[in-house]
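Good morning, and thank you for making time for this presentation. I would ask you to keep the structure in view while I speak.

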Amino acid sequence: MIRLRNVTKRFGGLLAVDDVTLDVKEGETLVLLGTSGCGKTTTLKLINRLEELTAGTIEVAGTNIQQQKPEDLRRKMGYVIQGAGLFPHYTVQENIAVVPRLLHWSKEKIDKRTHEVLELLRISPQQYLSKYPHELSGGQQQRVGLARALISDPPVILMDEPFGALDPITRISIRREFKNIEALRHKTKVLVTHDVLEAFELGDRICLMDNGKIQQLGTTQELVFRPANEFVMRFLQDHLFQLQLQVLQLHQLRPYLPAVSPANATDAIVFPESESVLEAIQILTATGAPQQSLTLEANTETPPQAATVADLMAAVEQLTPSLRA
Ligand SMILES: Nc1ncnc2c1ncn2[C@@H]1O[C@H](COP(=O)(O)OP(=O)(O)OP(=O)(O)O)[C@@H](O)[C@H]1O
């Protein structure tokens, strides 16, 4: 969907993006992760031509972006930035309608689509449409920013620290909501963050950068279990154990878990097999009963299986050597 080939950006003598080659696949979330100043934001802005390339090429949906007018290109891409970037003197309704007006939509079409998008994001249109940004909480502003990016239903969404201005608690809950928004699920998303846990929660693949260069580009499991170099190891080390549990899904532990005994099958919490191991452990731990077991739902080949927190941890230990190989 998006192809970057040998992309380079210089600001005077500074090489901000250094020979970056990557593909963003249709429907995936690619996270650009890295320390401050490593070139994440510049890479994102090159995609919608808020910055212009020094060298290299970028294609979006098969067309070289240099062959399109920046305004035309940007209309096909939602752009969500830290602090939502809402116009302070526009109401929520006016903020959301900026792009549709540029596209010369009729008033009826703008109203209909505004209501649809706000409902998708669980913002009450009656309550919020006439409010100004300063009358909203940070989380509400962020949702309005997302509504503005989604209104014209663009196939690509670019996000630069979209949750960066929120307090840690709101940030976690908005992130959860964000993952479950159906309207976003099939869009191609590029997200910039410096927050490791956020990157691994939201990304299908992660592009870890340093000094304008890609240090590793891979799935979350590849980065955690097969770091490409010292830099990647050092970058992840503070969170490594949590990340390992977060990127593993329950079905990967099947070979190491006991089958469920019919006597225990009724009172245990049933988990889907795509659930993250970390999430399962957190929920089990929250029950306060150390012996509480979960039931992992059956699939076509395997009967239901049972596990306590201790069983899950033992299974993770048995599984991980094969992931590192
Ligand atoms: N318009 C500009 N003019 C000159 N230098 C710039 C410009 N924009 C970015 N830079 C420099 O390019 C480098 C990369 O910046 P960029 O904003 O892409 O980093 P980043 O990884 O997104 O960092 P952060 O997380 O702090 O936003 C930095 O050294 C920055 O100072």
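Let me begin with a convention: an angle of 65 to 115 degrees between two directions counts as roughly perpendicular. I should also say at once that what you see is a predicted model.

I apply that convention first to two helices. Helix 13, residues 240–247, packs against helix 14, residues 277–286, at an angle of about 100°, and their axes are 5 Å apart. Helix 13 and helix 14 are therefore roughly perpendicular to each other. Which residues of the two helices meet? From helix 13 they are Q242, L245 and Q246, and from helix 14 they are V277, L278 and I281. Sorted by class, this contact has four nonpolar residues, two polar residues and no charged residues.

On the overall layout, the domain assignment gives domain 1 as residues 2–236 and domain 2 as residues 248–324. The centres of the two domains, taken over C-alpha atoms, are separated by 34 Å.

I turn now to the sheets. As a general reminder, strands of a sheet pair through backbone hydrogen bonds, either parallel or antiparallel.

One open sheet has four strands in the order 2-1-4-5, with antiparallel pairing. Its edge strands are strand 2, residues 14–24, and strand 5, residues 63–64, each of which pairs on one side only. Strand 1 and strand 2 are joined by seven bridges, and K9 stands opposite V17 in strand 2. These two strands form a hairpin with two residues between them, and G12 in the turn has a positive phi of about 60°. Strand 1 also pairs with strand 4, in the antiparallel sense, over five bridges; here R3 stands opposite E59 in strand 4. Strand 4, residues 55–60, then pairs with strand 5 over two bridges, and the bridge partner of V60 in strand 5 is T63. Helix 1, residues 40–47, lies across strand 1, strand 2 and strand 4, and runs at about 60° to strand 2.

The other sheet I wish to describe is an open one of six strands, in the order 6-7-8-3-9-10, with mixed pairing. Its edge strands are strand 6, residues 77–81, and strand 10, residues 213–219, each pairing on one side only. From one strand to the next, the twist averages 15°. Strand 7, residues 156–160, and strand 8, residues 188–193, run parallel and are joined by five bridges. Within that pair, V156 has T188 in strand 8 as its bridge partner. Helix 1 packs on this sheet as well, touching strand 3, strand 7, strand 8 and strand 9, and its direction makes about 150° with that of strand 8. Helix 7, residues 138–150, also packs on the sheet, where it touches strand 6 and strand 7; its direction makes about 165° with that of strand 6.

Finally, the ligand. Which residues lie around the ligand? They are F11, L14, A16, G34, S36, G37, C38, G39, K40, T41, T42 and H194. Strand 2 and helix 1 are the elements that give two or more residues to this shell. Helix 1 gives the most, with three residues. By class, the shell has four nonpolar, seven polar and one charged residues.

To close, I would draw your attention again to helix 1: it lies across strands of the four-stranded sheet, it packs on the six-stranded sheet, and it gives the most residues to the shell around the ligand. Thank you.

Terms used. Residues are numbered from 1 along each chain as its sequence is written. This is a predicted model: local features need pLDDT of at least 70, side-chain atom pairs count only at pLDDT 80 or more; totals for chains, interfaces and linings use all residues. Two strands pair if DSSP finds at least two bridges between them. Two residues are in contact if their C-beta atoms, placed from the backbone, lie within 7 Å. Axes are lines fitted to C-alpha atoms, for helices over the stretch in contact, and angles run from 0 to 180 degrees between N-to-C directions. Angles under 35 degrees count as roughly parallel, over 145 as roughly antiparallel, 65 to 115 as roughly perpendicular and the rest as oblique. Ala, Val, Leu, Ile, Met, Phe, Trp, Tyr, Cys and Pro count as nonpolar, Asp, Glu, Lys and Arg as charged, and the others, Gly among them, as polar. Domain bounds come from an automatic or database domain assignment. A residue is near a molecule or strand if its C-beta atom, placed from the backbone, lies within 6 Å of it.
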